[in-house]
2 protein chains.
Amino acid sequence: MQPDSSTKDARRTELLNAATELLATKPTATLAEVADHAGIGKATLHRYFASRDDLMLALGMLALDTVAHAIRDASQPERGSALDMLTRIIEALVPLGDKLHFLLSESVLDTHPDFTAADRAVQQSMLHLIQRAQSDGDLRSDVPAQWMLHHMNYALYATWQSVHDGYLARKDAARLLVTTLLDGFAAR
Amino acid sequence: MQPDSSTKDARRTELLNAATELLATKPTATLAEVADHAGIGKATLHRYFASRDDLMLALGMLALDTVAHAIRDASQPERGSALDMLTRIIEALVPLGDKLHFLLSESVLDTHPDFTAADRAVQQSMLHLIQRAQSDGDLRSDVPAQWMLHHMNYALYATWQSVHDGYLARKDAARLLVTTLLDGFAAR
DNA sequence: CTTAAATGAGATAAAATAGTCTCAATTGAG
DNA sequence: CTCAATTGAGACTATTTTATCTCATTTAAG
């Protein structure tokens, strides 16, 4: 009868997550492959997303939502310094590497104003956090915050990939990444 | 008359460089777009590379050759420590970021044994260099060399992109990347 | 159970892309 | 200059992918 909107939403999200999983590692996958991987018929896929472009936009938006949500959850501004917050955020984002793919290397999304605007907002909030850590004297001030952010984004993605490909233990990943970003590789 | 093989080779390489330029930022570009961007007709493109797959493989191989060559040139084993060599290599690789794209995120190439073997060889030589720098006490020994390598590869690509997109001065790039990798972001 | 909505499978149509072919124009070696 | 090779433009075909449509089956609310 009446479609239960919450159920339908959940199904839609599941579908998007399955699509993310596949497209993050094989961006050229066919819509038929996406439907297969999600375990649904391609007709159904089209009922949820009229075109490939629609799907890509939804994927970008979900990625953004998920990341933004993780950042909010990990922030807990009342607890700890800006650097502590950043550390918690990094730990929270490593498992979301497949979503990050859409924020870093999906040039199709660059043409969607909705997406680019929302993306800018998320990046901006991260930038402010980095700048606060610089003011606190916890992060170097002789390195541009913008650079740190960009570098961090790619490092997050690379780390997720290491875990995904089986070269790095999931539980080691965040710690290794944080020490790499903060302390670098040089021996002291 | 007789085709001058060196001229023809040079033209082929120019073609590949143009293709690299486009496909590194827009991996889904059409063959017609590739031909356009290279300033040639698509018929000619097909005369050099029978299929898209052929082109991709040639791009991967050129990327590998270029990178391997840059590494050899920058090495100069007689001059300086392993860490010095690594630093020179990083400086040399930043401008080759578009080539790196094919070594990092072109899943099509994973199915070409020729490519994966050659890639493995290059990565292996870099790994040995990192391990030497660890033995020398110049790089931390409590961080896996394999991880450093993987992280470095992505950092190189991210840096090239920053320059390419105009967010980072070409002349600042290598220095910033080296200090990031070696010293990290934490204030001392 | 009943029934309307949602789904899957696959046929089909439409569109995009890859790849082939022809021919006139250009190039470059001799 | 001459001539054979190479090229570019675009028509054309083949193939792949996207998108639509139909209909029998499944699902779940009431």
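## Symmetry of the two copies

In this predicted model, a turn of 180° with a shift of 0.0 Å along the axis lays chain A on chain B with an RMSD of 0.0 Å. The two copies are therefore related as by a two-fold rotation axis. In general, a rotation about an axis and a shift along it relate two copies of a chain.

Among the residues of chain A, A:Gly184 comes closest to the rotation axis, its C-alpha lying at 1.9 Å. Both copies use the same surface, since 100% of the contact residues of chain A recur in chain B.

## The contact between chains A and B

Chain A contributes 30 residues to the contact, and chain B contributes 30 residues. On the side of chain A that touches chain B, the helices α8 (145–164) and α9 (170–183) each supply at least two residues. The largest share of this side comes from α8(A), with 9 residues.

By residue class, the side of chain A that touches chain B consists of 15 nonpolar, 11 polar and 4 charged residues.

## An enclosed helix in chain B

Helix α6 of chain B spans residues 97–104, and 7 of its 8 residues are buried, so this helix is largely enclosed by the rest of the structure. A residue is taken as buried if 20 or more other C-beta atoms lie within 10 Å of its own.

The buried residues of α6(B) begin with B:Gly97, B:Asp98 and B:Lys99. B:Leu100, B:His101, B:Phe102 and B:Leu103 complete the buried set of α6(B).

Note on methods: Residues are numbered from 1 along each chain as its sequence is written. Chains are lettered from A and ligands numbered from 1 in the order in which they are written. This is a predicted model: local features need pLDDT of at least 70, side-chain atom pairs count only at pLDDT 80 or more; totals for chains, interfaces and linings use all residues. Two residues are in contact if their C-beta atoms, placed from the backbone, lie within 7 Å. Helices (H or I, at least four residues) and strands (E, at least two) are DSSP runs, numbered from the N terminus. Ala, Val, Leu, Ile, Met, Phe, Trp, Tyr, Cys and Pro count as nonpolar, Asp, Glu, Lys and Arg as charged, and the others, Gly among them, as polar. Copies are superposed by least squares on the C-alpha atoms of residues with pLDDT of at least 70 in both. A residue is buried if 20 or more other C-beta atoms lie within 10 Å of its own, exposed if 12 or fewer, and partly exposed in between; C-beta atoms are placed from the backbone.
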